[in-house]
Amino acid sequence: MEEGRDLLAIPISDAAGVRRLLVEAAKARRDVSYADLLDQMGYAFSRPKMRALCKTLGAVDDMAVSRGEPEFAVLVVRQSDRLPGDGWWVSCAERLGYAGLWTGPEAVKFIRKLQKRVFDYWAGAEKPKRNTKRGKKVKRAARASASR
């Protein structure tokens, strides 16, 4: 890490800043390791920074739920096996209906399903919104023409 890099860093407690990085990852349909996310934020990996980041991920997920979006923390994974860390499993797995092992094929299948939900949601987020008002006018005009 470059000298002085922390001066330009996204604060670890900045849920909106972390959310922006995770939205980018979701749109690119990729997970991100704890170390890579910290690096993107301007920090070298350390256990204390990772623990602080995990608290922020809880706030990011709370924001997502309040907006009707899928939770993001499932995208943040260990480099070793590309699965979330123990804290995610403790706080989220049972609530999301999973009671199996936290490693292995069953865990991978469960995590990939949740990640796909996030990826699919954000892949559709950039699609232009349909102008429903205009669509209703066109339908009404078509019905009026047909009834003449």
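**Exercise 1. Determine how many disulfides the structure holds, and describe the exposure of Cys 54 and Cys 92.**

Solution. The structure, which is a predicted model, holds zero disulfides. As background, a disulfide is a covalent bond between the sulfur atoms of two cysteines. Turning to exposure, Cys 54 has a relative accessibility of 32% and therefore counts as partly exposed, since the partly exposed class lies between 20% and 50%. Cys 92, with a relative accessible area of 6%, is buried.

**Exercise 2. Classify the ring pair formed by Trp 88 and Trp 89, and place these residues in their aromatic surroundings.**

Solution. A pair of aromatic rings is described by the distance of the centres and the angle of the planes. Two rings are counted as a pair if their centres lie within 6.5 Å, and by this rule the count comes to eight aromatic pairs. For Trp 88 and Trp 89 the ring centres are 5.0 Å apart and the planes stand at 90°, so the pair is edge-to-face; the cut-off for that class is an angle over 60 degrees. The next step is accessibility: Trp 88 is buried at a relative accessible area of 6%, and Trp 89 also counts as buried, at 2%. Finally, both tryptophans belong to one aromatic cluster, which they form with Tyr 98, Trp 102 and Phe 110.

**Exercise 3. Describe the largest nonpolar core and identify which element gives the most to it.**

Solution. The largest nonpolar core has 38 residues, and those with the most contacts inside it are Leu 22, Leu 37, Met 41, Leu 53, Phe 72 and Trp 88. Two or more residues come from each of helix H1 (15-27), helix H2 (34-41), helix H3 (47-66), H4 and helix H5 (105-123). Of these elements, H5 gives the most, with seven residues. Phe 72 can serve as a worked case: leaving aside residues up to four places away in sequence, Phe 72 touches Arg 19, Leu 22, Val 23, Val 60, Asp 61, Ala 64, Val 118 and Trp 122. In soluble globular proteins, nonpolar side chains tend to be buried together.

**Exercise 4. Locate Arg 82 and work out which residues it touches beyond its sequence neighbours.**

Solution. Arg 82 is found in the loop that runs between strand S2 (76-77) and helix H4 (86-93). With a relative accessibility of 27%, Arg 82 counts as partly exposed. Once residues up to four places away in sequence are set aside, Arg 82 touches Asp 31, Val 32, Ser 33, Val 77 and Arg 112. For one of these residues, Asp 31, the separation from Arg 82 is 51 residues along the chain, while the two C-alpha atoms are separated by 7.8 Å.

Note on methods. Residues numbered from 1 in each chain as written. Predicted model: local features only at pLDDT ≥ 70, side-chain atom pairs only at ≥ 80, totals over all residues. Heavy atoms only, no water. Phe/Tyr/Trp six-rings, centres within 6.5 Å; stacked < 30°, edge-to-face > 60°. Buried < 20%, exposed > 50% of the residue type's maximum accessible area, 1.4 Å probe, protein only. Helix = DSSP H or I, 4+ residues; strand = E, 2+ residues; numbered from the N terminus. Contact = heavy atoms within 4.5 Å. Disulfide = S-S within 2.5 Å. Core = buried A, V, L, I, M, F, W, Y, C linked by side-chain atoms within 4.5 Å.
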